[in-house]
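Colleague: I would like to learn how to read a model of this kind feature by feature. Could you take me through it with the general idea placed before each case?

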Amino acid sequence: MEFLNANTKVPLKIINMEDVVVEEVKWLLYPFIPYGKVTIVQGDPGEGKTTLLLQIIARLTLGKNVFDSDEKSQFAIKSSEPQQVIYQTAEDGLGDTIKPRLIAAGADCRYVNVIDESDMPLSMLDERLEAAIVKTKARLVVLDPIQGYIGSNIDMHKANEIRPIMKRISIIAQKYNCAIVLIGHMNKNSSGKSSYRGLGSIDIAAAARSVLLVGRIKDKPELRVVCHVKSSLAPEGKSLCFELSKNEGFMWRGECDISADELLSSTMRESKVTNAVDFLAEVLAKGPVSKTIIDAEAEVKGIKSRTLWNAKQKLNISCFKSGNQWYWELKK
């Protein structure tokens, strides 16, 4: 027997879970950016969100990993062939800003596409977005920023207006197995948790399967950190640090031990690595100390092993073994 909805006249269809085929999640960048889903990258203006995405886009167009030297890294792009990308920006010029940044990142611009908005602004509900994905076979779509592509008649703070838009964009991502990344700014609630700092309705973040935060370390303005705020499809990834300097440009600096809430905290004046450096300098000031003792004292102070190792590299500490014990020593 067929039942019809009184308002829409759509036939009732039931999906039985016994008939659903189990599918493995595919990743553009594990565990941060999944294919077939929506990801949000958010942060305050000028923190490096766009620069970070353009660096990832550049690597994708070359079919290379984020880190050339570490193919097994959690930051490995899961592809060995150049991939097509659609990049839409409502804030920066293509010729004077975006293309120079892509070139600086080493991108193959033949794989980067832009929907022409000269006749009409693009929105997430625009049929041209889906048509462009079909035509280019894009595996990554970036809309920068979210509010530029919500639509002129939509209030992004109202859940009932946002939900249909996010539902549609999620369906498109799944339908074509492409990663859709929305770049967003933060609201002014400086005391709020990271999950509630995105601009607009919380339903925007709720529809995304991964939400990332980009911010700078306050005592080292050239250093930026990427943290997981939300991860629905995999364990949260370790935070990643990169540097934006006038002389060196963009450089990856590896993993760091800073959470999203700590990154947003106005009371955080120095990184955990700096604290660990001070700790090691004090512990090793009088000579070599066994690694066992160092680890025990570090645990008491809440210093994690990865942070301790990063501090060791900064202090140029040497290691040697005596008997069954390893020792650390400050080089003179």
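Colleague: Let me begin with a single residue: in which loop is proline 31 found?

Modeller: Please keep in mind throughout that this is a predicted model. Proline 31 is found in the loop between strand 1 (27-29) and strand 2 (33-34), and the peptide bond that joins tyrosine 30 to proline 31 is cis, with omega at about -5°.

Colleague: Which other peptide bond is cis, with omega near 0°?

Modeller: The bond from aspartate 144 to proline 145 is cis, and its omega is near 0°. Proline 145 lies in the loop between strand 6 (140-144) and helix 4.

Colleague: Before we go on, how many helices and strands does the secondary structure of the protein chain come to?

Modeller: The protein chain has 9 helices and 14 strands. Of its 332 residues, 46% count as buried, and among contacts between residues at least 6 apart in sequence, 65% join residues at least 24 apart.

Colleague: How should I read the packing of a helix pair, and at what angle do helix 1 and helix 2 pack?

Modeller: One reads the angle and the distance between the axes, and then the residues that meet. Helix 1 (residues 49-62) and helix 2 (residues 94-104) pack at about 50°, with their axes 9 Å apart. Because angles from 35 to 65 degrees fall outside the parallel and perpendicular ranges, helix 1 is oblique to helix 2. The crossing of these two helices is right-handed. On the side of helix 1 the residues are Thr50, Thr51, Leu54 and Ile57, and they meet Ile98, Arg101 and Leu102 in helix 2; by class, this contact divides into 4 nonpolar, 2 polar and 1 charged residues.

Colleague: Is isoleucine 56 buried or exposed?

Modeller: Isoleucine 56, which is found in helix 1, is buried, with a relative accessible area of 5%. The C-alpha atoms of isoleucine 56 and leucine 28 are separated by 9.8 Å, although these residues are 28 residues apart along the chain.

Colleague: What is the angle between helix 3 and helix 4, and which residues make their contact?

Modeller: Helix 3 (residues 127-136) packs with helix 4 (residues 159-175) at an angle of about 10°, the axes being 11 Å apart, and that makes helix 3 roughly parallel to helix 4. From helix 3 the contact takes Glu127, Leu129, Glu130 and Ile133, and from helix 4 it takes Arg168, Ile169, Ile172 and Lys175. By class, the contact of helix 3 with helix 4 has 4 nonpolar, no polar and 4 charged residues.

Colleague: At what angle do the axes of helix 7 and helix 8 cross?

Modeller: The axes of helix 7 (residues 272-283) and helix 8 (residues 291-300) cross at roughly 135° and come within 11 Å, which makes helix 7 oblique to helix 8. This crossing is right-handed. Phe279, Leu280 and Val283 of helix 7 make the contact with Ile294, Glu297 and Ala298 of helix 8, and by class there are 5 nonpolar, no polar and 1 charged residues in the contact.

Colleague: How do I read the cysteines, and how many disulfides does a search of the whole structure find?

Modeller: A disulfide is a covalent bond between the sulfur atoms of two cysteines. The search of the whole structure finds 0 disulfides. Cysteine 241 is in no disulfide, and the nearest cysteine sulfur, that of cysteine 256, is 4.8 Å away; at this distance the two sulfurs are too far for a bond. Cysteine 241 counts as buried at 7% relative accessibility, and cysteine 256 counts as buried at 12%.

Colleague: One last backbone feature: which residue in the loop between helix 4 and strand 7 has a positive phi of about 50°?

Modeller: Asparagine 177 has that positive phi although it is not a glycine, and its place is the loop between helix 4 and strand 7 (179-184). Asparagine 177 is partly exposed, with a relative accessible area of 33%. Asparagine 316, which is not a glycine either, has a positive phi of about 55° and sits in the loop between helix 9 (305-315) and strand 13 (317-322). With a relative accessible area of 45%, asparagine 316 is partly exposed.

Technical notes: Residues are numbered from 1 along each chain as its sequence is written. This is a predicted model: local features need pLDDT of at least 70, side-chain atom pairs count only at pLDDT 80 or more; totals for chains, interfaces and linings use all residues. Side-chain values use heavy atoms; hydrogens and water are left out. Axes are lines fitted to C-alpha atoms, for helices over the stretch in contact, and angles run from 0 to 180 degrees between N-to-C directions. Helices (H or I, at least four residues) and strands (E, at least two) are DSSP runs, numbered from the N terminus. Angles under 35 degrees count as roughly parallel, over 145 as roughly antiparallel, 65 to 115 as roughly perpendicular and the rest as oblique. A crossing is left-handed if the near helix is turned anticlockwise from the far one by less than a right angle, and right-handed if clockwise. Contact means heavy atoms within 4.5 Å. Ala, Val, Leu, Ile, Met, Phe, Trp, Tyr, Cys and Pro count as nonpolar, Asp, Glu, Lys and Arg as charged, and the others, Gly among them, as polar. A disulfide is a pair of cysteine sulfur atoms within 2.5 Å. Buried means under 20% relative accessible area, exposed over 50%, partly exposed in between (1.4 Å probe, protein chains only).
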